[in-house]
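Visitor: I have a few "why" and "how do you know" questions about a protein model. Could you show it to me and take them one by one?

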Amino acid sequence: MLFALKIFAAIVFYGAAIEPRFVDRLDERGAIPNLPASWEHQQVAVFADIQVGMWWANTDAARRAVERAVDVHPAMVLLAGDFVYNPTDANIQGQIETVLSILQPLVDSKIPTYAVLGNHDYNLMNEHSDQENRFARRVRVGLDSVGIRLLDNRSIALSAPRGADSLAVRGDSVAAAVLYLVGVGDKWAKNDHVDRALSQVPANAPRLIFMHDPDSFVKIPANQGPLVIAAHTHAMQIVVPWVSDWAWRHYFSDSGSGLEGWVDAPHGQPGNRIYVNRGVGFSLFPVRINAVPELTVFTLERAK
């Protein structure tokens with residue numbers, strides 16, 4: 001019995017004090033139909049779920065994720081929601097100031113950075129909580145004040161990034177050099193209006209879609225989301241092979257979304273593909289086991 005308690009204590013110590021302090025950089029290929037030549041081989045860095053305000057918040061790992069993203073110097077950085085956690089009128093300003101201090105190196109680097117909000121930015125602890133829109137507005141204003149652009153249910157046409165191969169840029173017409181970045185709002189806040197987000201994207205135009213909650217993925221029409229990125233799950237913070245993914249799909253996801261990484265069909269419509277980032281911070285309890293905080297770096301390529 002004593003031995004079992006020691007093993008349990010060691011696992012808890014590892015999950016609370018060691019694994020969460022790492023940041024796992026995962027390199028993935030992101031295939032997009034009709035991708036302009038000037039966007040091929042460009043990199044997109046993604047992380048999420050900073051969740052400042054959670055007790056024993058994992059801000060060290062969040063700062064490390066930012067540092068590693070800056071080191072990559074990608075064409076853009078995407079922040080997939082949940083900047084604060086359990087905000088109140090008394091603590092929201094302090095939470096936002098901490099978030100902005102964590103993200104400051106991105107601002108200083110002048111890497112284009114885009115974001116969507118997550119459920120905790122509305123103080124939604126579960127899907128049936130009363131959302132607090134005033135907190136989401138404060139987060140939005142804070143991010144906007146430092147030049148991080150919120151794209152909830154919006155799209156933006158991005159021209160060839162700085163540093164793109166000059167021959168590739170000359171090979172694209174002005175119109176053909178555009179990649180559309182599409183943001184989808186949070187599902188728990190009943191703000192995931194996919195049709196609105198896609199309404200300004202021309203048919204067959206290359207697009208990259210990001211959102212907080214992977215359950216919103218099923219709303220994307222067939223062949224309209226070749227590369228979709230989400231977060232929210234934290235990989236349940238404790239990953240038991242096969243078991244955790246099965247539990248998430250059956251008990252925590254309304255649409256059968258997978259837990260992390262590339263999610264296989266039948267989730268979503270034909271021709272669409274989603275990747276779920278494990279995030280950085282904590283929810284409910286400050287432990288991660290086999291769920292190392294993640295920075296994902298996508299290298300874009302033209303789909304064959």
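Guide: Start with one term: contact means heavy atoms within 4.5 Å. Keep in mind that this is a predicted model.

Visitor: What makes α3 and α4 a contact, and which residues meet?

Guide: In α3, the residues are I92, Q93, I96, L100 and L103. They meet F135, R138, V139, G142, L143 and S145 in α4. Heavy atoms within 4.5 Å count as contact, so these residues qualify. By class, the contact of α3 with α4 has seven nonpolar, three polar and one charged.

Visitor: How are the two helices placed?

Guide: Two packed helices are described by the angle between their axes and the distance between the axes. Helix α3 covers residues 92–109, and helix α4 covers residues 133–145. Their axes come within 10 Å and cross at roughly 35°.

Visitor: Why is the crossing of α3 and α4 called right-handed?

Guide: A crossing is right-handed if the near helix is turned clockwise from the far one by less than a right angle. α3 passes α4 in a right-handed crossing, so the turn is clockwise.

Visitor: What makes the largest cavity a cavity, and which residues line it?

Guide: A 1.4 Å probe fits in a cavity but cannot get out. The largest cavity has a volume of about 40 Å³. Its lining is F83, V84, I96, V99, L100, V139, G142 and L143. α3 and α4 are the elements that give two or more residues to this lining. The lining divides into seven nonpolar, one polar and no charged. Gly counts as polar, so G142 is the polar one.

Visitor: What makes the largest pocket different in kind from a cavity?

Guide: A pocket is an open set of points, whereas a probe in a cavity cannot get out. The largest pocket holds about 500 Å³ of space. It is lined by 21 residues, and the closest to its centre are W188, W248, F252, S283 and L284. The lining has eight nonpolar, nine polar and four charged residues.

Visitor: How do you know that β2 and β12 pair?

Guide: Two strands pair if there are at least two bridges between them. Four bridges join β2 (residues 43–47) to β12 (residues 294–302), so the two strands pair. They run antiparallel. A45 stands opposite V297 in β12.

Visitor: Why are β1 and β5 called edge strands?

Guide: Six strands form an open sheet in the order β1-β12-β2-β3-β4-β5, with mixed pairing. β1 (24–32) and β5 (149–150) each pair on one side only. That puts them at the edges.

Conventions. Residues are numbered from 1 along each chain as its sequence is written. This is a predicted model: local features need pLDDT of at least 70, side-chain atom pairs count only at pLDDT 80 or more; totals for chains, interfaces and linings use all residues. Side-chain values use heavy atoms; hydrogens and water are left out. Axes are lines fitted to C-alpha atoms, for helices over the stretch in contact, and angles run from 0 to 180 degrees between N-to-C directions. On a 1 Å grid over the protein atoms alone, a cavity is a set of points where a 1.4 Å probe fits but cannot get out, and a pocket is an open set with protein on both sides within 12 Å along at least five of seven lines; lining residues have an atom within 4 Å of a point. Grid points are joined across faces, edges and corners, and a volume is the space filled by probe spheres set on the points.
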